[in-house]
Amino acid sequence: MAFPETRLRRFRRTPDLRRLVRETRLSPDNLVLPLFVCPGEGVANPISSMPGVFQHSVDRIVETCRETFAEGVRAVLLFGLPEYKDAEGSAAWSPDGIVQRALRALAAEVPGLVKIVDVCFCEYTDHGHCGVLHGHEVDNDATLANLARQSVSLAEAGADVIAPSDMMDGRVGAIRQALDAAGFAATPILSYAVKFASGFYGPFREAAESAPKFGDRRAYQMDPANGREAMREAALDVEEGADMLMVKPALAYLDILAALRQRFDLPLAAYHVSGEYAMLKAAAERGWIDYDRVMMESLLAIRRAGADLILTYAAREAARLLAAGWVE
Ligand code: PBG
């Protein structure tokens with residue numbers, strides 16, 4: 001039946017009718033807040049390109065996580081700014097490393113918090129690339145052993161989920177094997193399976209002090225032009241034992257997210273990255289958009305496209321809006 005028998009506006013007339021037929025909902029249960037841990041005490045360095053985001057020392061991370069947890073966001077993703085950088089990024093697997101210390105403090109102080117850790121070397125190497133260099137190229141196979149060491153060290157310190165973002169081939173299998181051998185068979189791997197070489201990571205590199213000193217990451221991260229290759233990346237990671245897949249960035253890659261949702265039954269995550277957050281903040285600062293509305297609409301769209309969880313710097317803002325009865 002068509003118009004005039006059918007009128008789709010009938011269920012749009014009032015907020016309560018719309019609520020009744022709403023297909024997608026946001027919940028703080030599905031949100032993960034990324035955080036940056038730095039050395040020192042009482043440190044809260046604001047990131048200029050990401051208003052509301054800070055580099056926090058361990059004590060301040062604990063405080064932030066306590067508040068975050070109380071607001072209903074029960075999972076965080078930790079990035080570390082190490083005391084020293086070297087060619088291999090060895091601070092990443094030091095038992096006394098910055099993220100390892102944060103994990104132990106959080107385990108003691110914020111019970112129940114799900115602590116996801118980013119596994120990669122760009123914050124830890126003096127050259128800013130995501131692995132060991134061989135000439136001017138990142139040596140894939142030599143990097144795998146280091147990723148495994150970093151993962152085991154983080155699991156030992158209490159990480160609940162290991163999230164490799166380096167984009168080396170074979171890393172999920174290498175990490176799974178190392179975790180199992182070290183007695184962490186129960187620790188899941190959230191693979192940044194489909195991570196594009198994206199300009200949207202710009203503000204993050206200020207936050208994590210991880211910009212490459214030469215060149216870029218196109219020789220290991222994916223070409224933004226490729227959708228079929230994204231399916232191959234995901235399929236390989238599933239075969240190697242990934243427990244959850246991620247697409248990154250989010251908004252510009254919703255087609256990839258929707259295609260993965262169709263093809264895989266693993267939980268799916270999407271990373272609403274630094275540049276996406278920065279653009280919303282910048283436009284809102286100029287009074288050009290309604291921040292709350294556009295931010296919530298963005299997160300909703302990411303969920304509608306197929307993400308079970310969203311990693312976003314706006315997680316706390318979203319949780320607060322939801323607690324205050326936000327209806328889209
Ligand atoms: C790499 C990593 C990056 C991000 C998460 N993990 C940066 C990169 O690949 O250069 C970006 C996240 C963001 O932009 O918010 N360790």
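**Figure 1. How far is an oxygen atom of the ligand from an N or O atom in the side chain of serine 274?** The distance is 2.7 Å. This close-up comes from a predicted model, where local features need pLDDT of at least 70, side-chain atom pairs count only at pLDDT 80 or more, and totals for chains, interfaces and linings use all residues. Residues are numbered from 1 along each chain as its sequence is written, and side-chain values use heavy atoms, with hydrogens and water left out.

**Figure 2. Lysine 195 and tyrosine 313 also reach towards ligand oxygen atoms.** For lysine 195, a side-chain N or O atom is 2.7 Å from an oxygen atom of the ligand. For tyrosine 313, the corresponding distance is 2.6 Å. The protein buries 100% of the 400 Å² that the ligand exposes when taken alone (areas by the Shrake-Rupley method with a 1.4 Å probe).

**Figure 3. Meet the shell of residues around the ligand.** There are 18 residues around the ligand (a heavy atom within 4 Å of it), and Lys195, Arg205, Lys248, Ser274 and Tyr313 come nearest. By type, the shell has 9 nonpolar, 3 polar and 6 charged residues (Ala, Val, Leu, Ile, Met, Phe, Trp, Tyr, Cys and Pro are nonpolar; Asp, Glu, Lys and Arg are charged; the others, Gly among them, are polar).

**Figure 4. Cysteine 120 and cysteine 130 do not form a disulfide.** A disulfide is a covalent bond between the sulfur atoms of two cysteines. Here the two sulfurs are 3.5 Å apart, too far for a bond (the cut-off is within 2.5 Å). Cysteine 120 is buried, at 1% relative accessibility (buried means under 20% relative accessible area, with a 1.4 Å probe and protein chains only).

**Figure 5. Cysteine 38 has no bonding partner either.** The closest cysteine sulfur, in cysteine 65, is 13 Å from the sulfur of cysteine 38. Cysteine 38 is buried too, at 5% relative accessibility. The structure holds 0 disulfides.

Key. Polar contact = N/O pair within 3.5 Å; in protein donor to acceptor, adjacent residues only side chain to side chain. Buried < 20%, exposed > 50% of the residue type's maximum accessible area, 1.4 Å probe, protein only.
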